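User: I'd like to understand the labels used for this model, and what each of them rests on. Please show me the structure, and then I'll ask away.

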Amino acid sequence: MTSFAQKISVSRECQNIYLVQGGKDSTGRDTWFFIRVDSLKTNLFKQKIKTGSLDLQDFGEILESGYGEEPPEYIFANMEKQYGFKL
């Protein structure tokens, strides 16, 4: 189970890909995730993310993840190149 601070960025072109930021791992480090949410689970995902606690793997495929407040620029570039994700 991962806890999040309700910060989600949605790609304008790829409506099912989300950048979720603000979670903490078990050591307290900030984390971020790019997730492709199953289209049938999008509404539930948006509801659950507001509660602050969910398991992202229940909603789709994690495309990228890492530590820190923001993904590095090369990850943003890769997400745009591979999936058309733009903030």
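Analyst: Happy to! Let's begin with a pair of rings: F34 and F85 are both buried, where buried means under 20% relative accessible area, exposed over 50% and partly exposed in between (1.4 Å probe, protein chains only). Please keep in mind that this is a predicted model, in which local features need pLDDT of at least 70 and side-chain atom pairs count only at pLDDT 80 or more, while totals for chains, interfaces and linings use all residues. Residues are numbered from 1 along each chain as its sequence is written, and side-chain values use heavy atoms, leaving out hydrogens and water.

User: What makes F34 and F85 an edge-to-face pair?

Analyst: Two values decide it. Rings of Phe, Tyr and Trp (its six-membered ring) pair if their centres lie within 6.5 Å; planes under 30 degrees apart are stacked, over 60 edge-to-face and the rest tilted. The ring centres of F34 and F85 are 5.0 Å apart and the planes stand at 85°, so the pair is edge-to-face. F34 belongs to strand β4 and F85 to the segment after α2, so this pair links distant parts of the chain, 51 residues apart. Together with W32 and F76, these two rings form one aromatic cluster. Helices (H or I, at least four residues) and strands (E, at least two) are DSSP runs, numbered from the N terminus.

User: How many aromatic pairs are there, and why is the pair of Y18 and F45 called tilted?

Analyst: The whole structure has five aromatic pairs. For Y18 and F45, the centres are 5.0 Å apart and the planes make an angle of 50°. That angle is neither under 30 nor over 60 degrees, so the label is tilted. With Y18 in strand β3 and F45 in helix α1, the pair ties together parts 27 residues apart in sequence. Both Y18 and F45 are buried.

User: Which residues make up the largest nonpolar core, and what makes a set of residues a core?

Analyst: A nonpolar core is a set of buried Ala, Val, Leu, Ile, Met, Phe, Trp, Tyr and Cys residues joined through side-chain atoms within 4.5 Å. The largest one has ten residues: Y18, V20, F33, I35, V37, F45, I49, L54, L56 and F59. Strands β3 (17-24) and β4 (30-37) and helix α1 (42-51) each supply at least two of them, and β4 gives the largest share, three residues. A second, separate core has nine residues, among them W32, F34, F76 and M79.

User: How do you know that the buried residues of α1 line one face?

Analyst: The buried residues of α1 are T42, F45 and I49. Seen down the helix axis they fall within an arc of 50°, so they line one face; the arc is taken from the directions from the helix axis to the C-beta atoms. An α-helix has 3.6 residues a turn, so residues three or four places apart point the same way. The face of α1 turned away from the buried side carries exposed N43, Q47, K50 and T51.

User: What puts the buried residues of α2 on the same side?

Analyst: In α2 (residues 73-83), I75, F76 and M79 are buried. They cover an arc of only 100° around the axis, which places them on the same side of α2. Exposed E73, Y74 and K81 are on the other side. The buried residues of α2 pack against β3, β4 and β6 (60-67).

User: Why is the contact between D25 and R29 called a salt bridge?

Analyst: A salt bridge needs a side-chain nitrogen of Lys or Arg within 4 Å of a carboxyl oxygen of Asp or Glu. D25 and R29 meet at 3.2 Å, N to O, and K86 and E80 at 3.9 Å, so both pairs qualify. The structure holds two salt bridges. R29, at 42% relative accessibility, counts as partly exposed; K86 and E80 do too, each at 39%.

User: What makes Q21 buried, and which residues does its side chain meet in polar contacts?

Analyst: Q21, in strand β3, has a relative accessible area of 3%, so it is buried. A polar atom of its side chain lies 2.8 Å from the backbone oxygen of E69, and a polar contact of 3.2 Å joins the side chains of Q21 and E70. A polar contact is a pair of N or O atoms within 3.5 Å; within protein, one must be able to donate a hydrogen and the other to accept it, and residues adjacent in sequence count only if both atoms are side-chain atoms.

Notes. Contact means heavy atoms within 4.5 Å.
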